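Thanks for coming. I will take a few minutes to walk through one structure, and you can follow along on the screen.

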Amino acid sequence: MQRLALAGTRAIVDMSYARHFLDFQGSGIPSAMQKLVVTRLSPNFREAATLLRDCPVPLPGDGDLLVRNRFAGVNASDINYSAGRYDPSVKTPFDAGFEGVGEVVALGLSASAAFTVGQAVAYVAPGSFAEYTVVPARVAIPVPALKPEYLTLLVSGTTAYISLKELGGLSEGKKVLVTAAAGGTGQFAVQLAKKAKCHVIGTCSSAEKSAFLKSVGCDRPINYNAEHVGAVLRQEYPQGVDVVYESVGGATFDLAVDALATRGRLIVIGFVSGYQTPTGLSPVKAATLPAKLLKKSASVQGFFLNHYLPEFRGAMDHLLKMYAGGELVCEVDTGILSTEGRFIGLESVFRAIDYMYMRKNTGKIVIELPPSVNRKDRNHCLCFPVQFNY
Ligand SMILES: NC(=O)c1ccc[n+]([C@@H]2O[C@H](COP(=O)([O-])OP(=O)(O)OC[C@H]3O[C@@H](n4cnc5c(N)ncnc54)[C@H](OP(=O)(O)O)[C@@H]3O)[C@@H](O)[C@H]2O)c1
């Protein structure tokens with residue numbers, strides 16, 4: 001054991017202890033890794049992000065886990081993040097990717113009270129488009145296995161669960177319209193509204209997505225490339241819809257406002273149709289909105305997951321139980337139908353985002369990071385000192 005004296009504190013660096021915590025089943029942790037870094041602010045992810053191939057593997061602090069990522073989730077907002085829209089004061093470079101599933105390969109001493117090396121965890125934290133990510137133990141969620149289905153529950157599942165629970169006022173027989181219904185978060189809004197015994201209408205862009213929506217219980221899928229959504233809603237739902245889970249924005253938002261029933265409520269989940277534009281916004285008929293809402297005592301309310309973090313853990317627990325009990329389909333799109341095949345490795349994040357913006361995905365887009373991407377030639381095993389103060 002080696003002891004170091006620091007001003008005002010006495011720190012212990014125990015290398016044998018470190019090896020115990022940090023070496024995962026003898027596989028070793030490389031000294032260098034790949035990660036995606038935003039080097040230029042732009043909603044065009046290909047212009048914004050760079051794949052760095054020789055970055056140091058980060059060190060976990062006392063309360064942290066070092067997670068070897070096995071799956072990373074693609075979100076519509078990855079391009080808002082790369083455009084600096086989450087924090088206008090952000091400076092490049094910064095790490096990309098919001099969420100991952102992987103195994104703990106190293107951890108700090110405090111983190112070891114709740115986690116062990118080799119454990120499978122899911123997390124929402126910045127920097128998941130990387131081979132390894134340091135994740136604060138307090139945000140890591142143990143999961144039964146390294147499966148992409150668990151990833152779908154993180155941002156996408158909890159957004160649907162929390163927003164509908166807190167703002168939806170769902171009850172039996174209510175009519176719920178979900179836009180982008182066959183996507184990452186839409187699939188959960190459909191299923192959770194069905195669980196609440198609502199009548200669910202879902203918009204999507206293809207016959208295949210319609211069939212998927214039927215398979216998860218959607219009562220009335222509307223393929224907007226085959227039918228006019230406004231006309232269907234006017235004809236089949238003349239009293240209007242009670243709740244809208246609205247992700248698309250622009251003309252779709254306007255149409256959904258027009259379809260609201262008396263005392264109906266529209267939850268603004270996003271406006272994906274605007275994200276690729278320089279402003280990130282989709283124009284809506286804002287001038288007429290107050291009058292339309294007043295005439296129907298209707299409401300429009302925004303929802304942003306970051307503002308509901310206290311509800312996140314409970315939502316995950318609930319969704320994990322539903323999935324374990326066979327009550328929830330977690331549809332994963334691994335890119336198998338994309339022109340270049342499955343999304344494997346960090347290089348594939350670029351085309352996965354393109355694929356989403358070409359409206360090709362059904363379910364949640366997930367990138368796979370197989371262990372083989374940890375190339376042997378970079379495997380110089382690291383031992384991180386565990387350091388604690390008296
Ligand atoms: N508020 C929050 O905290 C929160 C959290 C997570 C997600 N979101 C929002 O939820 C929405 C869906 O996000 P997601 O990550 O789950 O994506 P996703 O639904 O898996 O993919 C986006 C889908 O949007 C539909 N879409 C319609 N118009 C589009 C357009 N002009 N460009 C691209 N896609 C279009 C497409 O489905 P069709 O082809 O079927 O139209 C596409 O597959 C986004 O608005 C996102 O910002 C919000």
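I will start with the overall make-up, then go to helix packing, and end with salt bridges.

First, a caution: this is a predicted model. The protein has 390 residues, and buried residues make up 54% of them. Its secondary structure comes to 11 helices and 19 strands. If you take the contacts with a separation of 6 or more, residues 24 or more positions apart account for 70% of them.

Now the helices. Please find helix α4, which covers residues 148–168, and helix α10, which covers residues 312–324. Their axes are 9 Å apart, and the angle between them is about 120 degrees. Roughly perpendicular ends at 115 degrees and roughly antiparallel begins over 145, so α4 and α10 are oblique to each other. Their crossing is right-handed. Which residues make the contact? On the α4 side they are Glu149, Tyr150, Leu153, Leu154, Gly157, Thr158, Tyr161 and Ile162. On the α10 side they are Phe312, Ala315, Met316, His318, Leu319, Leu320 and Tyr323. By class, that contact holds 11 nonpolar residues, 3 polar and 1 charged.

Helix α4 also packs against α5, here at an angle of about 45 degrees and with the axes 8 Å apart. This pair is therefore oblique as well, and α4 passes α5 in a right-handed crossing. From α4, the residues that meet α5 are Thr152, Leu153, Ser156, Gly157, Ala160, Tyr161 and Leu164. From α5, they are Phe188, Ala189 and Leu192. The contact of α4 with α5 has 7 nonpolar and 3 polar residues, and no charged ones. Leu153, Gly157 and Tyr161 of α4 appear in this contact and also in the one with α10.

Staying with α5, is that helix mostly covered or mostly open? It spans residues 186–195, and 8 of its 10 residues are buried, so it is mostly covered. The buried ones are Gly186, Gln187, Phe188, Ala189, Val190, Gln191, Leu192 and Ala193. Phe188, Ala189 and Leu192, which meet α4, are thus among the buried residues of α5. After α5 comes lysine 197, which has a positive phi, near 65 degrees.

Last, the salt bridges. Side chains of opposite charge can pair when their charged atoms come close. The count here comes to 13 salt bridges.

One of them joins the side chains of aspartate 95 and lysine 35, at 3.0 Å from N to O. Aspartate 95 is in strand β6 and lysine 35 is in strand β3, so the pair ties together parts that are 60 residues apart in sequence. At 31% relative accessibility, aspartate 95 counts as partly exposed.

Another joins glutamate 347 and arginine 53, at 3.7 Å. Here the partners are 294 residues apart: glutamate 347 sits in the loop between β17 and α11, and arginine 53 is in strand β4. Glutamate 347 is partly exposed at 40%, and arginine 53 is partly exposed at 44%.

Glutamate 47 and arginine 40 form a salt bridge too, at 3.6 Å. Glutamate 47 has a relative accessibility of 40% and is partly exposed. Arginine 40, at 47%, is also partly exposed.

Finally, Arg70, Arg342 and Glu368 are linked in a network of salt bridges. That is what I had to show.

Definitions and conventions: Residues are numbered from 1 along each chain as its sequence is written. This is a predicted model: local features need pLDDT of at least 70, side-chain atom pairs count only at pLDDT 80 or more; totals for chains, interfaces and linings use all residues. Side-chain values use heavy atoms; hydrogens and water are left out. Axes are lines fitted to C-alpha atoms, for helices over the stretch in contact, and angles run from 0 to 180 degrees between N-to-C directions. Helices (H or I, at least four residues) and strands (E, at least two) are DSSP runs, numbered from the N terminus. Angles under 35 degrees count as roughly parallel, over 145 as roughly antiparallel, 65 to 115 as roughly perpendicular and the rest as oblique. A crossing is left-handed if the near helix is turned anticlockwise from the far one by less than a right angle, and right-handed if clockwise. Contact means heavy atoms within 4.5 Å. Ala, Val, Leu, Ile, Met, Phe, Trp, Tyr, Cys and Pro count as nonpolar, Asp, Glu, Lys and Arg as charged, and the others, Gly among them, as polar. A salt bridge is a side-chain nitrogen of Lys or Arg within 4 Å of a carboxyl oxygen of Asp or Glu. Buried means under 20% relative accessible area, exposed over 50%, partly exposed in between (1.4 Å probe, protein chains only).
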